[in-house]
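Me: I would like to learn how to read a protein structure step by step, beginning with the interior and ending with the charged side chains. Could you take me through the one shown here?

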Amino acid sequence: MITLPMVVRGSEGSGFAVRRRRVTDAPIQIRTAQAHEADAIHDLIDEHLAEGHLLPREYGEIRTHAHRFVVAVQDDDVLACAELAPLSRSVAEVRSFVVSREARSRGVGRRLVDELVRRATIAGFEKLCAFTHSPGYFVHLGYSIVPHAWLPEKIVTDCHACSQFRHCGQYAVVRPLERSHHSCVPLAALHG
């Protein structure tokens, strides 16, 4: 087992502390996040903000929408996360997609995105989008780079209120989804 340092939030107002994240040979499980994992998800996002590829997320928002997050977990450590965020009845977004440094190059990101594609298809979305500084990764997974204007749902929902609006440098990528004949998750459940 290898132990790597990880920066995490301390108690309210106490700044940051260092926690150790274990990397083992244990299997990595992909599953729906649980509300009690909101801290770990928030810490993972905060830890990677300095890379400049993520927007900050409020802890309360993550806790409220924990059921929309898919996490990669190994030995009870959250190594990666991604949210399936509905933008409209037909479009969902891959949001807050983070793979910890020690879990990269292990296929974890692909497994998370594949799971979001599966869930979005079952929920009846017609397309899945992402806004990214690394479009090549998503293109490799079957997405196409498109003009931002092709995703007005995202612009109305998030972009207009963002301080980086019109200056973000992100690429819009979209993947059309096949209609599922086995839709069993009510769309309203994702909006909760």
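**From burial to charge pairs**

Reply: In this predicted model, buried residues make up 46% of the 192 residues in the protein. The exposed surface comes to about 10,100 Å², of which carbon and sulfur atoms supply 54%.

Me: How many helices and strands does the secondary structure hold, and what share of the contacts between residues at least 6 apart in sequence join residues at least 24 apart?

Reply: The secondary structure comes to 6 helices and 9 strands, and, among contacts between residues at least 6 apart in sequence, 67% join residues at least 24 apart.

Me: Which residues have the most contacts inside the largest nonpolar core, and which elements supply it with at least two residues each?

Reply: The largest nonpolar core has 27 residues, and those with the most contacts inside it are Phe97, Leu128 and Tyr143. Strand 4 (69-74), strand 5 (77-86), strand 6 (91-99), helix 3 (108-122) and strand 7 (127-132) each supply at least two of its residues, with helix 3 giving the most, at 6 residues.

Me: What is phenylalanine 97 in contact with, once its neighbours within four places in sequence are left aside?

Reply: With those neighbours set aside, phenylalanine 97 is in contact with Leu54, Cys81, Ala82, Gly109, Leu112, Val113, Tyr137 and Phe138. There is also a second, separate core of 14 residues, which includes Ala38, Ile41, Leu44 and Phe69.

Me: How should I read the salt bridges, and are the partners glutamate 37 and arginine 31 buried or exposed?

Reply: The general idea is that side chains of opposite charge can pair when their charged atoms come close. This structure holds 9 salt bridges. In one of them the side chains of glutamate 37 and arginine 31 meet at 2.5 Å, N to O, and both of these residues are buried. Another joins arginine 95 and glutamate 93 at 2.9 Å, N to O, and here too arginine 95 and glutamate 93 are both buried.

Me: Where do arginine 110 and aspartate 114 lie relative to one another along helix 3?

Reply: Because they are 4 residues apart in helix 3, arginine 110 and aspartate 114 are separated by about one helical turn. Their side chains meet in a salt bridge at 3.9 Å, N to O. Arginine 110 is partly exposed, with a relative accessible area of 39%, and aspartate 114 also counts as partly exposed, at 35% relative accessibility. Elsewhere, salt bridges that share partners join Arg57, Glu61, Arg68 and Glu83 into one network.

Conventions:
Residues numbered from 1 in each chain as written. Predicted model: local features only at pLDDT ≥ 70, side-chain atom pairs only at ≥ 80, totals over all residues. Heavy atoms only, no water. Core = buried A, V, L, I, M, F, W, Y, C linked by side-chain atoms within 4.5 Å. Buried < 20%, exposed > 50% of the residue type's maximum accessible area, 1.4 Å probe, protein only. Contact = heavy atoms within 4.5 Å. Areas by Shrake-Rupley, 256 points an atom, 1.4 Å probe, with all protein chains shown as cover. Salt bridge = Lys/Arg side-chain N within 4 Å of Asp/Glu carboxyl O.
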